[in-house]
Amino acid sequence: MKKDFDTDVELDVLKAFLVEGKSHREIQRDILGFPAPARGGGFVTMNILHKYGISGQYKAKFKNLSSNELLKYFPEINTHKNFHELEKAIKYRNDAIDKLQKQDYVFEDANTTEKNVNRKQRLYQSVLRERVLSNYQHRCAICGLDKKDLLVCSHIKPWSEDKLNRLNPKNAICLCVLHDKLFDKGYFSLDNDYNLLFSDKSDLKIKKFFSACQFSKPIKEAPDTTLLAYHRSEICGIE
């Protein structure tokens, strides 16, 4: 099975294998979104790693991955057409991790959170997603669904509306794809005590999706109430 992936996805694969020590099957299932059966799974991951000259002996080799280390161990990468984009992505990703650890969500050049390919592509998003899903114990904050491929790092104040809070974990909630869409479209919100509120758009059929649901607070970095107030007013139209 052969498929071309963009540089950010390939970077996630390299990080997962070289730094986190994840298996070929885990990476194929959780990052690439392909089936990874117990027998014969992981070949898509292997194809990406082999493209960069990375073999199984380098699993979990690096605690801190840098472009210089990549070149030292895998000189084949330098000749790859995407190396320079990969190099920049490593720098941006490591910067993002450092800022999240320091709870510093402001990038001096906010435009670095996007890059232009054929369309604008969000940078650091995978870093934030990992952080937020972990805070919510990999469960939807509304219904408790725990299927990782159905979970979304859902922004409270939209990405396009607030550059300074794009990477703020308190501006994101772990939601399943259904509740993310309903939240994004303004069918429901949360009050400052994290109780569910419904907008005028929600009828009985919509509210049925919330039967027996309530908001489950994260381990840390609970939603910012100022950002929730924006969502209620501007997204849901709740006064």
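Buried means under 20% relative accessible area, exposed means over 50%, and partly exposed lies in between (1.4 Å probe, protein chains only). Keep that handy for the exercises.

This is a predicted model, where local features need pLDDT (the predictor's confidence in each residue, from 0 to 100) of at least 70, side-chain atom pairs count only at pLDDT 80 or more, and totals for chains, interfaces and linings use all residues. Residues are numbered from 1 along each chain as its sequence is written, and side-chain values use heavy atoms, with hydrogens and water left out.

**Exercise 1.** Find the salt bridge partner of lysine 157, then work out whether each of the two is buried or exposed.

*Solution.* Start with the rule: a salt bridge is a side-chain nitrogen of Lys or Arg within 4 Å of a carboxyl oxygen of Asp or Glu. Lysine 157 pairs up with aspartate 162, and their closest N and O atoms are 3.7 Å apart. Next, check the cover. Lysine 157 has a relative accessible area of 18%, so it's buried. Aspartate 162 comes in at 11%, so it's buried too.

**Exercise 2.** Do the same for aspartate 146.

*Solution.* The partner here is arginine 139, with the closest N and O atoms 3.9 Å apart. Aspartate 146 counts as partly exposed because its relative accessibility is 41%. Arginine 139 is also at 41%, so it's partly exposed as well. The structure holds four salt bridges.

**Exercise 3.** Place serine 154 in the fold and describe its surroundings.

*Solution.* First, the element: serine 154 lies in strand β3, residues 151–155 (strands are DSSP runs of E, at least two residues; helices are runs of H or I, at least four; both are numbered from the N terminus). Second, the cover: its relative accessibility is 2%, so serine 154 counts as buried. Third, the neighbours: leaving aside those within four places in sequence, serine 154 is in contact (heavy atoms within 4.5 Å) with residues including Asn171, Ile173 and Phe183. Its side chain also makes a polar contact with the side chain of aspartate 180, at 2.7 Å. For such a contact, N or O atoms sit within 3.5 Å; within protein, one must be able to donate a hydrogen and the other to accept it, and residues adjacent in sequence count only if both atoms are side-chain atoms.

**Exercise 4.** Say how far the confidence values carry you.

*Solution.* The mean pLDDT of the protein chain is 78, and 70% of its residues reach 70 or more. Over residues 115–123, though, the pLDDT is below 50.
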